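Okay, thanks for coming, everyone. I'll walk through one fold today, strand by strand and then helix by helix. Let me put it up on the screen.

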Amino acid sequence: MSRLLNRIVANMRAEAMLAVLRLLPLVSRRRDVLGVRTYLALTDTNQFATVRNQLDLAIRLIAQFDPPRFARIARDLKGILVYPFSPRPRAQYIRSFGYCELSTSTLLGDDFVSAACMIVHEATHARLRRVRAHEAEQRLRVERACIAQEIAFLERLPHMSSRVESAQDMLKSLNAEDYTDAALWADYLSEWRAAAATATRRVAARDSRQSTSE
Ligand SMILES: [Zn+2]
């Protein structure tokens, strides 16, 4: 596929996805945590208490250990939106949407420090939203800035030396080849396929539970 066509198709998919995304805050459970709006759009209501508690802990961790950063995050993000856009722990920021988006699985364990780092990372994308990043090298520079901010945040927390080291290793391993249009497109498709496969498995499991109980 030509580069231009690739970009047009990617833009169309992004527009369609954004149209759906814009509805999510309207139909989600909203809660303000220390002035930050959070929205939980969960498909499994059994997960609600765990996700809410982990998200609260992540937000409060930033507020307690890095108050100036927390104030910037509260200004730069429209809010934090949690929904199952990936089966894996993942975060993203879409400039025209303005939310830090966290996949539900990010908040299902007990690692709220990682969730806090993801919020710091995506809030840096929000802060740099006016920086032009259409080319791989520009995207790489933005990504480096976001990970550098994660490291600066982790350095304010006690007992985080191994996490700081892993983030520094990640920073060194970043490669412009992973930020080309083609690489981002391949990543998007693999995420979409994984999310679709998880949804299909969930429906099949529900159907088999219903048929055994009939
Ligand atoms: Zn990033």
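So, to start: in which sense do strand 1 and strand 2 pair, and over how many bridges? They pair in the antiparallel sense, over five bridges. If you want one pair to click on, Arg31 sits opposite Thr38 in strand 2. The hairpin between strand 1 and strand 2 has two residues between the strands, and Leu34 there takes a positive phi near 50°.

Before I go further, a word on confidence, as this is a predicted model. The protein averages a pLDDT of 90, and 98% of the residues score at least 70. Confidence is lowest in helix 1, residues 3–21, where the mean is 75, and highest in helix 5, at 98. The usual caution goes with that: where pLDDT is low, the predicted coordinates should not be read in detail.

Back to the sheet. There are five strands in an open sheet, the order is 1-2-3-5-4, and the pairing is mixed. Strand 1, residues 29–33, and strand 4, residues 91–93, are at the edges with a single partner strand each, so each has one side without a neighbour in the sheet. From one strand to the next, the twist averages 20°.

Now let's go across the order. Strand 2, that's residues 36–40, runs parallel to strand 3, and three bridges join them. Leu40 is opposite Val82 in strand 3 there. Next, strand 3 and strand 5 also run parallel, joined by four bridges, and Leu81 has Glu101 in strand 5 as its bridge partner. Then we reach the far edge: strand 4 and strand 5, residues 99–102, pair in the antiparallel sense over three bridges. Tyr93 has Cys100 in strand 5 as its bridge partner.

What packs on this sheet? Helix 5 does, touching strand 3 (79–82), strand 4 and strand 5, and its direction makes about 15° with that of strand 4.

Helix 5 also has helix partners, so to speak. Take helix 3 to begin with, residues 48–65. Helix 3 and helix 5 pack at about 60°, with axes 8 Å apart, and the crossing is right-handed. On the helix 3 side, the contact uses Gln54, Leu55, Leu57, Ala58, Leu61 and Ile62; on the helix 5 side, it uses Phe112, Val113, Ala115, Ala116, Ile119 and Val120. By class, that contact has 11 nonpolar residues, one polar and no charged.

The other partner is helix 6, residues 136–154. Helix 5, residues 112–127, packs against helix 6 at an angle of about 140°, with the axes 8 Å apart. And why do I call that pair oblique? Because angles count as roughly antiparallel over 145 degrees, and at about 140° helix 5 and helix 6 are therefore oblique to each other. This crossing is right-handed too: helix 5 passes helix 6 that way.

The contact takes in Cys117, Val120, His121, Thr124 and His125 from helix 5, and from helix 6 a list that includes Val142, Ala145, Cys146, Ile147 and Phe153. Its classes come out as eight nonpolar, four polar and one charged residues. If you're looking for the residue that turns up in both contacts of helix 5, have a look at Val120.

That's my tour, so over to you.

How values were computed
Residues are numbered from 1 along each chain as its sequence is written. This is a predicted model: local features need pLDDT of at least 70, side-chain atom pairs count only at pLDDT 80 or more; totals for chains, interfaces and linings use all residues. Axes are lines fitted to C-alpha atoms, for helices over the stretch in contact, and angles run from 0 to 180 degrees between N-to-C directions. Angles under 35 degrees count as roughly parallel, over 145 as roughly antiparallel, 65 to 115 as roughly perpendicular and the rest as oblique. A crossing is left-handed if the near helix is turned anticlockwise from the far one by less than a right angle, and right-handed if clockwise. Two residues are in contact if their C-beta atoms, placed from the backbone, lie within 7 Å. Ala, Val, Leu, Ile, Met, Phe, Trp, Tyr, Cys and Pro count as nonpolar, Asp, Glu, Lys and Arg as charged, and the others, Gly among them, as polar. Two strands pair if DSSP finds at least two bridges between them. pLDDT is the predictor's confidence in each residue, from 0 to 100.
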